[in-house]
Amino acid sequence: MAYPEPFEEVSSERKRGIQITVVTIVILATLFVGGFFWAFTRERVLSAEELQANGALLFEKARKLPAFTLANDRGESVDASWFEGQWDIVFFGYTFCPDICPTTLALLKQYYDQLTPEQQSETRIVLASVDPARDTVSQLSQYLAFFHEDFRGVTGEFLEVHRFATGLGAPFTKVPGGGENYLVDHSGNVALINPNGHFVGILKAPITVEQINRVMPTFKALR
C-alpha cells in the first residue's frame, strides 16, 4: 500500500522550485534591462551618409603613412611609428598663421579638455607645421604651450614635411610676396590616425567640438 509523501517534504520541494523560478526570472530580467540600458546608452555607429553630413570622411580601407623623418616639439626624431599607440588628431598649420590655426587649436583644446583622463591618454592633438623654415622645434614648443601642455607638434626639412602632408591629403603652398611675413596657403581639414598608425579619415573644415564628438565614436568602432 502506497502512502503519500509527508507534507513537509512536498513543501520543501515546492519551495526549491519556487526559488529556482524566482532566481531565473530575476536573472532574465536583469539581462534584459542591462541589454536595453547598454543599447540605449552606447554610442551609435553612423552611416557613411551621416558621417558625410557631419563633415567627416571615413576611408573604406585604412592607409599606411608615407615614409618620413621629422622632429617633434621636444627635438626628438620621429617617423611613422611615432603615430602608433593612440588616436592622433592632426592639424596642418603654422605658428605664424593669423587666423585659422589659432582658432582650430583653441577648438581642439575645448574638445580635449572635455575628455576623461582615460580618453585623453588615448588621444593626442598634433600640429604638423607647413612652415618648417620658421617653425623650429623651439618655436613649436613655445607656441603649443599657449594652448595645452599635452599638445604635440612636428616639423622638419621641407621635403619631409611635404611628403608627410601630401600623404595625409593636406597640400600647402607659400603665398608669393610678403617678405619675411609671408603666409602659407593650407587646408583647414583635420586628419585622423588610428592607434595602428594608419590614416583612416578626415574631418572637413570648418570643424566644431560637436562634430568631433558625433563622429569619433564611429571612427573608433570601425577603424
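Asp131 counts as buried because its relative accessibility is 3%, which falls under the 20% limit for that class. In this predicted model, Asp131 lies in the loop that runs between strand S5 (123-129) and helix H5 (137-145). When residues up to four places away in sequence are not counted, Asp131 touches Tyr94, Phe96, Tyr182 and Val184.

One of those partners, Val184, belongs to strand S8, which covers residues 184-186. Val184 counts as buried because its relative accessibility is 8%. Leaving aside neighbours within four places in sequence, Val184 is in contact with Tyr94, Val130, Asp131, Phe172, Thr173, Lys174 and Val175. Tyr94 therefore appears in the list for Val184 as well as in the list for Asp131. Val184 and Phe96 are 88 residues apart along the chain, and their C-alpha atoms are separated by 9.1 Å.

Strand S5, at one end of the loop that holds Asp131, contains Val126. Val126 counts as buried because its relative accessibility is 0%. Not counting residues up to four places away in sequence, Val126 touches Trp82, Phe83, Asp88, Ile89, Val90, Phe91, Arg152, Gly153 and Val154.

At the other end of that loop is helix H5 (137-145), where Ser141 is found. Ser141 counts as partly exposed because its relative accessibility is 32%, a value between the limits of 20% and 50%.

The table lists C-alpha separations for three pairs of residues named in this report.

| Pair | Separation along the chain | C-alpha separation |
|---|---|---|
| Val126 and Leu144 | 18 residues | 9.4 Å |
| Ser141 and Gly75 | 66 residues | 9.3 Å |
| Val184 and Phe96 | 88 residues | 9.1 Å |

For the protein chain, among contacts between residues at least 6 apart in sequence, 72% join residues at least 24 apart. The chain has 7 helices and 10 strands, and of its 223 residues, 40% count as buried. The protein chain exposes about 13,100 Å², of which carbon and sulfur atoms supply 58%.

How many cavities of 30 Å³ or more does the model contain? The count comes to 1 cavity, and the largest cavity has a volume of about 50 Å³. The residues that line the largest cavity are Val90, Phe92, Leu168, Gly169, Ala170, Ser187, Asn189, Val190, Ala191 and Ile202. Strand S4 (87-93) and strand S9 (190-193) each supply at least two residues of this lining, which divides into 7 nonpolar, 3 polar and no charged residues. Val90, one of the lining residues, is also among the residues that Val126 touches.

Further along the chain, a cis peptide bond joins Ala205 and Pro206, with omega at about 0°. Pro206 lies in the loop between strand S10 (198-203) and helix H7 (209-222).

The confidence of the prediction also bears on how the model is read. The protein chain averages a pLDDT of 87, and 81% of the residues score at least 70. Over residues 33-42, however, pLDDT stays under 50, and for these residues the model has 0 contacts beyond four places in sequence. Where pLDDT is low, the predicted coordinates should not be read in detail.

How values were computed. Residues numbered from 1 in each chain as written. Predicted model: local features only at pLDDT ≥ 70, side-chain atom pairs only at ≥ 80, totals over all residues. Heavy atoms only, no water. Helix = DSSP H or I, 4+ residues; strand = E, 2+ residues; numbered from the N terminus. Buried < 20%, exposed > 50% of the residue type's maximum accessible area, 1.4 Å probe, protein only. Contact = heavy atoms within 4.5 Å. 1 Å grid on protein atoms, 1.4 Å probe; cavity = no way out; pocket = protein on both sides within 12 Å on 5 of 7 lines; lining within 4 Å. Points joined across faces, edges and corners; volume = space filled by probe spheres on them. Nonpolar A, V, L, I, M, F, W, Y, C, P; charged D, E, K, R; others polar. pLDDT = per-residue confidence, 0-100. Areas by Shrake-Rupley, 256 points an atom, 1.4 Å probe, with all protein chains shown as cover.
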